[in-house]
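Q: I would like to learn how to read a model feature by feature. Where do we begin?

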Amino acid sequence: MHIFLSHSQHDKELCEKFLANCGLAGIRGVAFEFDVQSGRVPLDRAAAEVIRETIETARALFVIIGPNVVATFHTSNWVAFEIGVAFTSQPKIPIWVFEDNGQYVDFPVPALMHHALFNPTSEKEWDWIRGVMEVYAQKPSLFSSVRDPLADMATVCPYSNCRAVYQHHYPEDITSWKCPSCRQLLHLVVPGMHGYERSGPIQP
């Protein structure tokens, strides 16, 4: 029983914070980094194969998006691969995208189910993230056929070239953001409600 963390190896401190909170929530966090000493990938197996198997048995995929993810093609390609594995699993693995709301990164994620903007220095927001982890730590019998016990009313990106469906989880003071799937600008229709609409020109 585990949550797979998709991240950049250069975001070590942030990744360790997620792993520590997984432990406090009663579920194991798994994060692959390609150092020789890790032993996570046996010498006789391909890394992609081991990662695929680990994601397919996970309760959820947490994608930690930050500047380091887009700093190199190597990292962004591996993160995209891990997202693709979760999306094509049967049933689909719930995909969460976590972003520091103070560091915008242009990394579209077309297949996500949940988008969370958070402040990594806020203990209140880490308490909320740990609460999410605790849900995934519950017994398998509590999970639906789509493996997502946190499925709820979702919203649809209003742009015709996107139409992504996902749930957003944002601090109360967030009134505009970019769709995590198409990275076009949106804003709340009514503060505190799920609905949102286009805001400003379509971004490239």
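**Reading burial, fold, rings and cysteines**

A: Begin with one residue. This is a predicted model. Thr 75 counts as buried, because its relative accessibility is 11% and the cut-off for buried is under 20%.

Q: In which element does Thr 75 lie?

A: Thr 75 belongs to helix H3, which spans residues 73-88.

Q: Which residues is Thr 75 in contact with, leaving aside its neighbours within four places in sequence?

A: Contact means heavy atoms within 4.5 Å. On that basis, Thr 75 touches His 7, Ser 8, Asn 68 and Val 69.

Q: Now the whole chain. How many helices and strands does the chain have?

A: There are four helices and ten strands. Their order along the sequence is β-α-β-α-β-α-β-β-α-β-β-β-β-β.

Q: What percentage of the residues count as buried?

A: The chain has 204 residues, and 45% of them count as buried. About 10,500 Å² is exposed, with carbon and sulfur atoms supplying 55% of that area.

Q: What percentage of contacts join residues at least 24 apart?

A: Take the contacts between residues at least 6 apart in sequence. Of these, 61% join residues at least 24 apart.

Q: On to the rings. How many aromatic pairs does a search of the whole structure find?

A: The search gives 14 aromatic pairs. One of them is Phe 18 with Phe 98, at 5.3 Å centre to centre. The planes stand at 70 degrees, and the pair is edge-to-face. The two rings come from distant parts of the chain, 80 residues apart. Phe 18 sits in helix H1 (residues 12-25), Phe 98 in strand E4 (residues 95-100).

Q: Are Phe 18 and Phe 98 buried or exposed?

A: Phe 18 is buried, at 0% relative accessibility. Phe 98 is buried too, with a relative accessible area of 1%.

Q: Which residues form one aromatic cluster with Phe 18 and Phe 98?

A: Phe 62, Trp 96, Phe 118, Trp 126, Trp 128 and Tyr 136 are in that cluster with them.

Q: Last, the cysteines. How many disulfides does a search of the whole structure find?

A: Zero. Cys 157 is in no disulfide; the nearest cysteine sulfur belongs to Cys 162, 3.8 Å away. Cys 157 is buried, at 0% relative accessible area.

Q: Why is there no bond between Cys 179 and Cys 182?

A: A disulfide needs two cysteine sulfur atoms within 2.5 Å. The closest cysteine sulfur to that of Cys 179 is in Cys 182, but 3.7 Å is too far for a bond. Cys 179 also counts as buried, at 0% relative accessibility.

Note on methods:
Residues numbered from 1 in each chain as written. Predicted model: local features only at pLDDT ≥ 70, side-chain atom pairs only at ≥ 80, totals over all residues. Heavy atoms only, no water. Buried < 20%, exposed > 50% of the residue type's maximum accessible area, 1.4 Å probe, protein only. Helix = DSSP H or I, 4+ residues; strand = E, 2+ residues; numbered from the N terminus. Areas by Shrake-Rupley, 256 points an atom, 1.4 Å probe, with all protein chains shown as cover. Phe/Tyr/Trp six-rings, centres within 6.5 Å; stacked < 30°, edge-to-face > 60°.
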